[in-house]
Amino acid sequence: MPTLERLRPGHEAALLAFERANRAYFARTVSDRGEAYFTGFAARHRALLAEQAAGVCHFHVVLDDRGEIVGRVNLMDVAAGSAELGYRIGEHAAGRGLATAMVGEICGLARAAYGLSALTARTTADHTASRTVLERNGFTVTGNITVAGRPGVHYRRHLSPDTGRL
């Protein structure tokens with residue numbers, strides 16, 4: 001059973017390998033992070049950990065049964081009881097309900113562990129899989145937006161006090 005683990009310094013090498021291995025796959029649906037992301041990864045990882053320590057963001061990796069990173073689920077820009085959800089599942093783990101399960105798990109953590117009352121998310125309008133994950137987890141459309149120059153959809157989910165359930 002895959003698990004969600006809070007980002008820590010020891011994840012750096014495996015996370016970089018995950019991002020490199022899935023770069024082309026991710027670029028099919030979201031904008032590419034660019035070469036600077038990979039060449040400056042160590043500094044970026046330290047910056048993420050500093051943001052996490054400050055409570056501005058909560059970063060997580062998804063580990064498979066062998067302890068290998070197969071995805072990420074993050075809560076960013078935490079403010080006023082809300083945060084923006086972001087997630088990505090690697091190509092070899094996609095299509096099996098993992099994103100739906102991990103987003104559901106982070107919704108519970110967001111309320112129970114981080115004290116959040118709402119989450120927002122966004123995706124491109126044509127990213128059917130991502131839209132399905134959000135909708136299966138109780139996110140509702142709040143409007144149309146532009147995501148990386150493409151038509152997109154903005155979502156929101158209210159988290160009830162009972163650990164994130166609707």
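# Notebook: chain overview, strand β2 and four single residues

I began with the surface: the accessible area of the chain comes to about 8400 Å², and 54% of that belongs to carbon and sulfur atoms. I note here that the model is predicted.

**Whole chain**

I looked up the secondary structure and found six helices and seven strands. Along the sequence the order reads β-α-α-α-α-β-β-β-α-β-α-β-β. The radius of gyration is 15 Å, close to the 15 Å that the globule rule gives for 166 residues, so I record the chain as being as compact as a globular protein of that length. For the outer dimensions, I have the C-alpha atoms filling a box of roughly 40 × 35 × 30 Å along the principal axes.

I then checked burial and found that 43% of the 166 residues count as buried. Of the contacts with a separation of 6 or more, 57% are between residues 24 or more positions apart. For charge, I have 20 positive and 16 negative side chains, with the centres of the two sets 3 Å apart.

**Strand β2**

Next I asked how many residues of β2 (residues 58-63) are buried. Six of the six are, so I note the strand as largely enclosed by the rest of the structure. I had in mind that side chains in a regular strand alternate between the two faces of the sheet. In β2, H58, H60 and V62 point one way, while F59, V61 and L63 point the other way. Both sets are buried.

I looked up the partners of β2 as well. Strand β1 (residues 3-6) is joined to β2 by four bridges, and the two run antiparallel. In this pairing I find E5 opposite V61. On to strand β3 (residues 69-79): six bridges join it to β2, again antiparallel. Here H58 stands opposite L75. The hairpin of β2 and β3 has five residues between the strands, and G67 takes a positive phi near 85° in it.

**Positive phi outside glycine**

I noted two residues other than glycine with a positive phi. D77 has a phi near 55°. D77 sits in strand β3 and counts as exposed, at 54% relative accessibility. A148 has a phi near 50°. I place A148 in the loop between β6 and β7 (150-158), where the residue is exposed with a relative accessible area of 55%.

**T120 and V141**

Is T120 buried or exposed? T120 is in strand β5 (residues 118-124), and at 13% relative accessibility I enter this residue as buried, because the cut-off for buried is under 20%. Leaving aside neighbours within four places in sequence, T120 is in contact with S82, A83, E84, L85, F139, H154, Y155 and R156.

V141 lies in strand β6 (residues 140-147). I find V141 partly exposed, with a relative accessible area of 45%; this value falls between the cut-offs of 20% and 50%. With neighbours within four places again left aside, the contacts of V141 are R131, E135, V153, H154 and Y155. I see H154 and Y155 in the list for T120 and in the list for V141.

As a last distance, I looked up V141 against A53, which are 88 residues apart along the chain. Their C-alpha atoms are separated by 31 Å.

Notes. Residues are numbered from 1 along each chain as its sequence is written. This is a predicted model: local features need pLDDT of at least 70, side-chain atom pairs count only at pLDDT 80 or more; totals for chains, interfaces and linings use all residues. Side-chain values use heavy atoms; hydrogens and water are left out. Buried means under 20% relative accessible area, exposed over 50%, partly exposed in between (1.4 Å probe, protein chains only). Two strands pair if DSSP finds at least two bridges between them. The radius of gyration is taken over C-alpha atoms; the globule rule is 2.2 Å times the number of residues to the power 0.38. Contact means heavy atoms within 4.5 Å. Accessible areas come from the Shrake-Rupley method with a 1.4 Å probe; for residues, only the protein chains shown count as cover. Lys and Arg count as positive and Asp and Glu as negative; His and the chain ends are not counted. The place of a charge is taken as NZ of Lys, CZ of Arg, CG of Asp or CD of Glu.
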